[in-house]
Amino acid sequence: MNPEIPFFLKPLQWVGAALLGLLSETGRLAAFIGRVKISAVSFPLYFGEIVRQCIKIGYYSLPVVGLTAVFIGAALALNIYVGGSRFNAEQFLPNIVVLGITRELGPVIAGLMLAGRVSAGIAAEIGTMKVTEQIDALDTLSTSPYRYLYAPRLWAAIITLPILVFVADVIGVAGGYLVATGTLDFNGDLYIRNTMNYVTGGDIFGGLIKAAVFGAIVSLMGCYHGQNSEGGASGVGRAATLAVVSSAVLIFFSNFLLTTLFTRIGL
Amino acid sequence: MTAPLLRLKNVHKSFGPKKILQGLDFDVAPGKSLVIIGGSGTGKSVSLKCSLGLMTLDEGNIYFDGHEMRANKRSEREAMLARTGMLFQGAALFDSLPVWQNVAFRLIHSEGVSRKEAKERAIETLKKVRLGTEVADLYPAELSGGMQKRVGLARAIAAKPDLIFFDEPTTGLDPITADAINDLIVEQVKGLGAASVSITHDMPSARKIGDEIAMLFDGKIIWRGKAEDVDHSGNEYVDQFVHGRADGPIQPAI
C-alpha cells in the first residue's frame with residue numbers, strides 16, 4: 001500500500017502524475033508514428049487506397065482551401081496597403097502579398113483548413129471503425145490497419161497538401177491582385193510584373209516543404225486519435241476534437257521550427 | 001483422441017485492477033463446435049479476442065494446431081489467421097466497401113486473387129448464406145441487421161477456414177431471423193468440416209449450434225458437457241443461467 005502523502009506535497013504529486021502522463025502519451029505517439037512510417041515504405045502498398053484518399057483529402061478540399069486563400073489574399077492586400085501608406089511604402093504591396101502568401105499564409109491556412117476538414121474526418125472514420133470492431137475485423141482478415149488504413153492516408157496527405165498549397169498560393173495572390181487593381185487603383189500589368197520579379201523559387205519551394213510536413217501532421221493526428229478512441233459516440237467525438245486541436249498546435253509549432261530552419265539556411 | 005485444433009491453457013487477462021480471465025482452459029477438436037455461455041461481463045468476448053491474438057495475454061498459452069502462438073511471433077499468428085474466420089457481434093462490415101468486396105476482402109488483399117474471380121467467389125458464397133446476386137453491389141448500410149449477419153458469415157467462410165469464431169451471432173435479431181442464422185451457421189460449419197468456437201447467452205442458439213457447451217464464470221470454465229446435457233448438468237450455476245433465474249449463486253450484473 002502507498003503511504004499517505006502529506007497535503008503540502010500533493011501539488012508535487014499532481015505535477016509528477018501529469019508529467020508521467022505526458023511522457024507516456026509522447027512515447028505512444030512516437031511508437032505509432034514509427035510504425036506508420038515503416039508501413040508506408042514497406043510492401044504491400046495499397047495504391048488504390050492511396051488514390052482514393054488523395055481524392056478525399058486533396059480534391060474535395062480544393063473549394064474550401066481556394067475560398068479561404070482568395071479572402072486571405074484580399075484582406076492581406078488591404079492591410080498591407082493601410083500599413084504601407086503610413087510610411088509611403090504602399091508600392092511594395094504586390095511584393096509583400098506574394099511573400100506572405102507563399103512563405104507563410106498559404107501553407108499555414110491550408111494546413112489549418114485540412115486540420116479541421118481532414119484530420120477530424122479521419123479521426124471520426126477510424127474511431128467509428130474502432131468502436132464497431134472493423135479494425136479488429138481487418139486484423140483477423142490478415143490485413144494490417146497500419147498498411148491498409150494509416151499509410152495510405154499519410155501518403156495522400158503528404159502528396160496532396162503541397163498541391164493544395166500551390167493552388168492556394170496562386171488564388172491568394174489573385175485575391176490580392178483583385179483588391180489592389182479593383183479598389184486601390186494599382187496597375188494590373190505592373191502588379192503582376194512586380195509579383196513575378198520578386199518571388200523566388202525558394203519562397204515557393206519552402207512553402208511546399210512546409211505543406212508536406214503539415215500534411216503528415218494532419219493525417220497522423222487523425223489516425224492516432226481515431227485508433228485510440230473508445231467509449232462509443234462520445235469517444236469518437238472526443239477523438240475528432242483532439243485530432244483538430246493537436247494538428248493545429250503542431251502545425252504552428254512545426255511552422256516556427258521550419259521558418260527558423262529556412263531562415264538559417266537562407267531559403 | 002483427436003488432437004485439439006485450438007487450445008487455451010491457464011489464460012489470465014486483467015484490465016487494471018479488474019480480473020477478467022483467471023485461468024481459462026478450453027480446447028476444440030477439428031470439426032467440432034464448442035459454445036461458451038456466460039453472463040454479461042464474464043469475459044466471453046475477451047476470451048475470443050485473446051484466442052485471435054487481438055488482445056495480449058497476461059499469462060497462459062494458446063496453441064493452434066499444436067503450435068504455440070507467441071505474442072512476438074507475427075508469422076505464427078499470420079499462419080493461424082489464414083486458417084481462421086470470425087463473425088463479429090455487430091458483423092463489423094467495412095461500410096466504405098460494397099458487400100462483395102467485404103466478402104472477398106481476404107481473397108483480394110491476402111491471397112492475391114484477381115478482382116474478377118474474387119467477385120465470382122463472393123457471389124457464390126453469398127448464395128450459400130441465401131443472399132442473391134443483387135445484394136453484392138449494395139453497401140452494408142443498405143442491409144437489414146439479419147442480412148448484415150449473413151454477409152458477415154459469408155466473409156467468415158469465404159476463404160474456407162478450418163476454425164471459425166462466432167461472437168454472439170444472434171444478438172439483436174428477432175427469434176425467427178436468429179433461428180435462420182443458427183441454421184446457416186450449422187450448415188456452413190458442418191459443410192466446411194470446420195471447428196467452431198461460439199460465445200453467446202442465447203440458449204436456443206447455444207443448443208442448436210453447439211456439439212458441446214461450456215459455461216464461463218469468474219474467469220474460468222466451470223462446466224463443460226454435451227449440448228443435450230446442458231438442461232440437466234447438475235451444476236447450480238449452469239442451472240440458474242439456463243433457466244434464466246435471478247435467484248441463485250450468480251448475482252445479476254445490475
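## Close-ups of a predicted two-chain model

**View 1. Seven residue pairs are in polar contact between chain A and chain B, both residues of each pair being at pLDDT 80 or more.** Keep in mind throughout that this is a predicted model. On the chain A side, helix H5 (residues 134-140) gives the most to the surface touching chain B, with six residues. Sorted by class, that side of chain A has six nonpolar, six polar and four charged residues.

**View 2. Here is the whole meeting place of chain A and chain B, where 16 residues of chain A are in contact with 24 residues of chain B.** The size of an interface is often given as the accessible area lost when the parts come together. For this pair of chains, the buried area is about 1700 Å², and carbon and sulfur atoms give 53% of it. Which residues of chain A lose the most area to chain B? They are A:Glu133, A:Thr140 and A:Leu141, which together make up 34% of what that side buries.

**View 3. Zoom in on a salt bridge between A:Asp139 and B:Arg77.** The side chains of these two residues meet at 3.4 Å, N to O. How many salt bridges are there between chain A and chain B? The count is three.

**View 4. Now over to chain B, where four strands make an open sheet in the order E2-E1-E4-E5.** The pairing in this sheet is antiparallel. Strand E2 (18-28) and strand E5 (67-68) of chain B sit at the edges with a single partner strand each, so one side of each has no neighbour in the sheet. Elsewhere in the sheet, strand E1 (residues 6-15) and strand E4 (residues 59-64) of chain B run antiparallel and are joined by five bridges. To pick out a pair by eye, start at B:His12 and look for its bridge partner in E4(B), B:Glu59.

**View 5. This one is about strand E3 (residues 33-37) of chain B, a strand largely enclosed by the rest of the structure.** Why is it described that way? Five of its five residues are buried, so the rest of the structure largely encloses E3(B). In a regular strand the side chains alternate between the two faces of the sheet. Here, B:Ser33, B:Val35 and B:Ile37 point one way, B:Leu34 and B:Ile36 point the other way, and all are buried.

**View 6. Stay with E3(B), and bring in the strands it pairs with, E8(B) and E9(B).** Strand E8 (residues 195-200) of chain B pairs with E3(B) in the parallel sense over five bridges. Along that pairing, B:Ser33 stands opposite B:Ser196. Strand E9 (residues 212-217) of chain B also runs parallel to E3(B), with four bridges between them. There, B:Ile36 has B:Ala214 as its bridge partner.

**View 7. Next comes B:Ser205, which is in helix H8 (residues 203-209) of chain B.** Is B:Ser205 buried or exposed? Its relative accessibility is 0%, so B:Ser205 counts as buried. Leaving aside neighbours within four places in sequence, B:Ser205 is in contact with B:Pro169, B:Thr170, B:Asn182 and B:Thr200.

**View 8. Last up is B:Arg245, in the segment after helix H9 (236-243) of chain B.** With 42% relative accessibility, B:Arg245 counts as partly exposed. Setting aside residues up to four places away in sequence, B:Arg245 touches B:Asp239 and B:Gln240. For a sense of distance, B:Arg245 and B:Leu8 lie 237 residues apart in sequence and 30 Å apart in space, C-alpha to C-alpha.

Key
Residues are numbered from 1 along each chain as its sequence is written. Chains are lettered from A and ligands numbered from 1 in the order in which they are written. This is a predicted model: local features need pLDDT of at least 70, side-chain atom pairs count only at pLDDT 80 or more; totals for chains, interfaces and linings use all residues. Side-chain values use heavy atoms; hydrogens and water are left out. Contact means heavy atoms within 4.5 Å. Buried area is the accessible area (1.4 Å probe) that two parts lose on being put together, summed over both. A salt bridge is a side-chain nitrogen of Lys or Arg within 4 Å of a carboxyl oxygen of Asp or Glu. A polar contact is a pair of N or O atoms within 3.5 Å; within protein, one must be able to donate a hydrogen and the other to accept it, and residues adjacent in sequence count only if both atoms are side-chain atoms. Helices (H or I, at least four residues) and strands (E, at least two) are DSSP runs, numbered from the N terminus. Ala, Val, Leu, Ile, Met, Phe, Trp, Tyr, Cys and Pro count as nonpolar, Asp, Glu, Lys and Arg as charged, and the others, Gly among them, as polar. Two strands pair if DSSP finds at least two bridges between them. Buried means under 20% relative accessible area, exposed over 50%, partly exposed in between (1.4 Å probe, protein chains only).
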